[in-house]
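Visitor: I would like to take a close look at a single part of this protein. Please choose one residue and describe its surroundings with care.

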Amino acid sequence: MGAPVSESVEYRSIDPLVVYAVDGIAAGAGPDLIGPVVGPLIGRLDSALSAAGHPILEPSVFWYESTQGSDDIVVNVSYPAGPDPKPGVGYSVVTLQAIPTAATLLHRGDMSGIGDSWMSLFDQLRADSYTAVGPTREVYLEAQGHVPGPDWVTELQVPVERAR
């Protein structure tokens, strides 16, 4: 069991963001299936941006998309592109759309408890009569290096609408 969730769910809008991104496929949801896909994606993106002469800006943003008719999850790893983004070999320029209403929750600590934080977030949004309406995101607000540590702060984001 990871660190307890010490924050409450907040509902707010999220601004659009242009990022440099790579993606891969996980065989399903959950940290055990997604985690092994993330490391190679980070390495691929870091190498491609370094080769293109782009600085690696923070915070990194990961987002997850379900695949229709499959348990597969598209895992996207990205860094903010900064002003005047340029496409290049080995990465894409992607605009993460604004989210009019997102349910957000801060996860503190390494990734061992992130599944519990996601469950808490989804339990609360259902209790508040919301439903998820798009890809979920993780924004690594405080993360030193690529090895998750106890001081990391990750904002979980889910686009939502009022349940009908």
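Guide: The following account begins with one residue and then turns to the parts around it. The model is predicted, and the description should be read accordingly.

The residue chosen is E138, which is found in strand β8, a strand that covers residues 136–142. What is the nearest side chain of opposite charge to E138? It is that of R137, which is 11 Å away. E138 is buried yet has no salt bridge. Its side chain does, however, take part in polar contacts. One of 2.9 Å joins it to the side chain of W118, and another of 2.3 Å joins it to the side chain of Y140. When residues up to four places away in sequence are not counted, E138 touches S60, V61, F62, Y64, I114, W118, T154, E155 and L156.

Y140, one of these polar partners, deserves attention in its own right. Y140 counts as buried because its relative accessibility is 5%, and buried means under 20%. Y140 also forms an aromatic pair with W152; the pair is edge-to-face, with 5.7 Å from centre to centre and 75° between the planes. Since Y140 lies in strand β8 and W152 in the loop between β8 and β9, the pair ties together parts that are 12 residues apart in sequence. W152 is likewise buried, at a relative accessible area of 9%. Ring pairs join F62 to Y140 and W152 in a cluster, and F62 is among the residues that E138 touches.

V61 is another residue in contact with E138, and it leads to S78. The place of S78 is in strand β4. Is S78 buried or exposed? Its relative accessibility is 0%, so S78 counts as buried. The side chain of S78 reaches the backbone oxygen of V61 at 2.7 Å. Leaving aside neighbours within four places in sequence, the contacts of S78 include S60, V61 and F62, and these three residues are also touched by E138. L45 is another contact of S78.

L45 brings the nonpolar interior into view. The largest nonpolar core has 33 residues, and L45 and V75 have the most contacts inside it. Helix α1 gives the most to this core, with 8 residues. Apart from this core lies another, of 6 residues, among them V19, A21, V61 and V139. V61 thus belongs to that core and is also touched by E138.

Notes
Residues numbered from 1 in each chain as written. Predicted model: local features only at pLDDT ≥ 70, side-chain atom pairs only at ≥ 80, totals over all residues. Heavy atoms only, no water. Helix = DSSP H or I, 4+ residues; strand = E, 2+ residues; numbered from the N terminus. Buried < 20%, exposed > 50% of the residue type's maximum accessible area, 1.4 Å probe, protein only. Lys, Arg positive; Asp, Glu negative; His and termini not counted. Salt bridge = Lys/Arg side-chain N within 4 Å of Asp/Glu carboxyl O. Polar contact = N/O pair within 3.5 Å; in protein donor to acceptor, adjacent residues only side chain to side chain. Contact = heavy atoms within 4.5 Å. Core = buried A, V, L, I, M, F, W, Y, C linked by side-chain atoms within 4.5 Å. Phe/Tyr/Trp six-rings, centres within 6.5 Å; stacked < 30°, edge-to-face > 60°.
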